[in-house]
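Here is a short report on a structure with more than one part to explore. Keep the 3D view open as you read.

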Amino acid sequence: MTAFGKLIRTTAFRLTLVYLLLFALFAASLLGYFAWNTRRLITEQITTTVNAEFSEITDIYTRRGLRGLVFTIENRALRPGANLYLVTTPTGQAIAGNVGSLAPGVMASQGWSETAYRRLDEQSSRDHRALVRVNELESGFRLLIGRDLEERRRLFGIVVKAANWSLLVVVVLGLGGGIFVARRVLRRIDAMTGTTQRIMAGDLTGRLPVGRSGDELDRLAENLNAMLERIEALMMGLKEVSDNIAHDLKTPLTRLRNRAEEALAKSGSEADYRSALERTIEESDGLIRTFNALLMIARAESGQARGNMDDFDAADVARGIQELYEPLAEDSGMTLRVKTAPAPVHGNRELISQALANLVENAIKYGKPLPSIQPLGDGAVGGAHEILIEARRDGPSVLLGVTDHGPGIPEADRSHAVERFVRLEASRTQPGSGLGLSLASAVATLHGGELRLGDSNPGLTATLAIPARAGASDRLAAQTPDVPQKVA
Amino acid sequence: MHEDAGRAMVTEISTSLTAPDRHMRLLIIEDDRESADYLVKAFREVGHIADLAGDGEEGLSLAETGDYDVLVVDRMLPKRDGLSVIGSLREKGNRTPVLILSALGQVDDRIKGLRAGGDDYLPKPYAFAELLARVEVLSRRHGGPAEETTYRVGDLELDRLSHRVARGKDELTLQPREFRLLEYLMKHAGQVVTRTMLLENVWDYHFDPQTNVIDVHISRLRSKIDKGFERPLLHTIRGAGYMIRDGIR
């Protein structure tokens, strides 16, 4: 596209053209109105003057007869800038006046008409136009009084000229202004396009130029920059995740492959093959679990699970999870206790159960007290080997917390711990995908809440804080009187 | 104790499950040729008869005409979606149990699948042992006897009404959840039940625990019902799950 082509395609230029047309039409109609009114005014003036003179001269004729009339006419006709006068006999002979020739048939008509004429003393052959009134006097004589329309024509000419000029000025200024504005806009848009093209080519660090005027283009550029910022952050996150996936999935895959290879190479007994295959299946199950956890996180983060939410008491979830994990905790030498108060939420029960299960599994895996730390007193409430699941309502939030008395997570590592695949050094040796906290955090976010990691001195308190169900207490209260009604 | 039960291998279980009266006729509706062939072969190896349909239309017409014990239906099929095949069968009054296979292994998808008329739902990728266990449970549910009030395996007896459990002459005391666990196992006596099936049916959770939480429950139950008895009834099936069964049939 040529530069000019681009210019005339800009919105600014097209708008200019539209406004140009509008202003031209406006100017034309204004001048037209002006011209028409002036013309009417002049015509009115002529008619009034002519009418007055007509009655005057008719009067003279009545009082002084034909002689008086001719005398008066001749007299008046000689004055400079005189009106047009003509008196004819009943046969049509001109006997007085300053009119040399007229359009045929004018003298025969009665009343007002517009006609071409020529004065008696005029040499040129050019016709003028006049507005004349013809009336028959008594005895068949006819009198014409009229006025030249030159003035009216000149005035009209002036208006037309003014219209032409103003139109020219409007067009020139408008086009010039349009081109100026369009080029300015075009330059900035071109700058933006250039940047976006660089970004599309893969350079995510590019940002749009922002001017100082704070106009709409600047605001657009600022917003686009904020969007680019977000996209860059997301891309970085994605890259990190895919790097982590590559690492965390490649390692077990490689192990799997090596094991299979080794089993093939060694000509072992059937039992060897069998155990190699069984280990292979175990490893692939682990991989599948990791994939499932990733999918679950992705789904929670994308908000798809919002469609599957209902009302329930998170305390039930806490009790259910405690019941499920209590034997496991006991096998690991810990106790799992639950403390609940009504905690009404609106959410995805399945996901919240899983999030809480992940926190409990973490506590069982990593929450063993360090040998160096003296227990708070075994057997007592809050003993060092106790894991506490707590569900309660705290103002607008429902808190689902899991507290252990293990080594905890240093404050500096806490935000890091929630990230995908992150397994803090202490836990590297333990089995697990490193996705437990990520999923819990994603589930909390899905419900409009957050995962809080705190210190339980010593130990870790991981809390899912999600908004309580609105108006839950009212509804619970309202349910009670319903029961007898249902029975009846 | 784990080691004891661990010797019960998959192959042993496969043969034991395929006594002549336990042949199943299966229809697999799956468009991925490779996994479909694998399934047909695997089912045949354990003694079941499996037919194959490559798309929704073919699957529907086969399911309508053939007399199958269980249908295994993939959700995404050419020509006709898996859910629509199930819906259309159910509309015509066909009650054959359906197990839905799907790559969309999420809670919502499972609920959608069950609502459409499916009886069970298994997300891909799955272990064949899991699929086999579920299909066998489905076929039993379909053709099995009406719900009994007392389950018996060997000298173990469970009364579902009075919640009493006894082995031989000894009365056993079980926690409510242990009772439900045993009840589920005994309902499917002689069939493999997987850890996922237990988690789903006894606890009503549909997620993968990252730990061996079910195994711990089983070992507790085992210590109550098998400890001190000569013949163990609760067996671990390596790579698949658990089974309650009297050693001598």
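Start with the buried residues of helix α9 of chain A: Gly436(A), Leu437(A), Ser438(A), Leu439(A), Ala440(A), Ser441(A), Ala442(A), Val443(A), Ala444(A) and Leu446(A). Buried means that 20 or more other C-beta atoms, placed from the backbone, lie within 10 Å of the residue's own; with 12 or fewer it is exposed, and in between it is partly exposed. The helix covers residues 436-446, and 10 of its 11 residues are buried, so α9(A) is largely enclosed by the rest of the structure. After α9(A) comes Gly448(A), with a positive phi near 80°.

This is a predicted model: local features need pLDDT of at least 70, side-chain atom pairs count only at pLDDT 80 or more, and totals for chains, interfaces and linings use all residues. Residues are numbered from 1 along each chain as its sequence is written, while chains are lettered from A and ligands numbered from 1 in the order in which they are written.

Now compare the chains. Helices (H or I, at least four residues) and strands (E, at least two) are DSSP runs, numbered from the N terminus. Two residues are in contact if their C-beta atoms, placed from the backbone, lie within 7 Å.

| Chain | Residues | Buried | Helices and strands |
|---|---|---|---|
| A | 488 residues | 25% | 11 helices, 13 strands |
| B | 249 residues | 41% | 10 helices, 12 strands |

In chain A, 61% of the contacts with a separation of 6 or more join residues 24 or more positions apart. For chain B, that share is 61%.

Two helices of chain A cross. The axes of α6(A) (residues 314-331) and α7(A) (residues 349-366) come within 10 Å, at roughly 35°. Axes are lines fitted to C-alpha atoms, for helices over the stretch in contact, and angles run from 0 to 180 degrees between N-to-C directions. The crossing is right-handed: the near helix is turned clockwise from the far one by less than a right angle, whereas anticlockwise would be left-handed. Among the residues in this contact are Val317(A) and Ile321(A) of α6(A), and Leu356(A) and Val360(A) of α7(A). The contact divides into 12 nonpolar, 2 polar and 1 charged residues. Here Ala, Val, Leu, Ile, Met, Phe, Trp, Tyr, Cys and Pro count as nonpolar, Asp, Glu, Lys and Arg as charged, and the others, Gly among them, as polar.

Chain B has an open sheet of 5 strands. Its order is β2-β1-β3-β4-β5, with parallel pairing. Strands pair if DSSP finds at least two bridges between them. At the edges, β2(B) (49-53) and β5(B) (120-123) each pair on one side only. The twist averages 20° from one strand to the next. Helix α5(B) (residues 82-91) packs on the sheet, touching β1(B), β3(B) and β4(B), and its direction makes about 145° with that of β3(B). Strands β1(B) (residues 25-29) and β2(B) share 5 bridges. Arg25(B) has Ile49(B) as its bridge partner in β2(B).

Where do the chains meet? The contact takes 23 residues from chain A and 21 residues from chain B. On the chain B side, α6(B) (107-115) and α10(B) (213-225) each supply at least two residues. The largest share, 4 residues, comes from α10(B). That side divides into 9 nonpolar, 7 polar and 5 charged residues.
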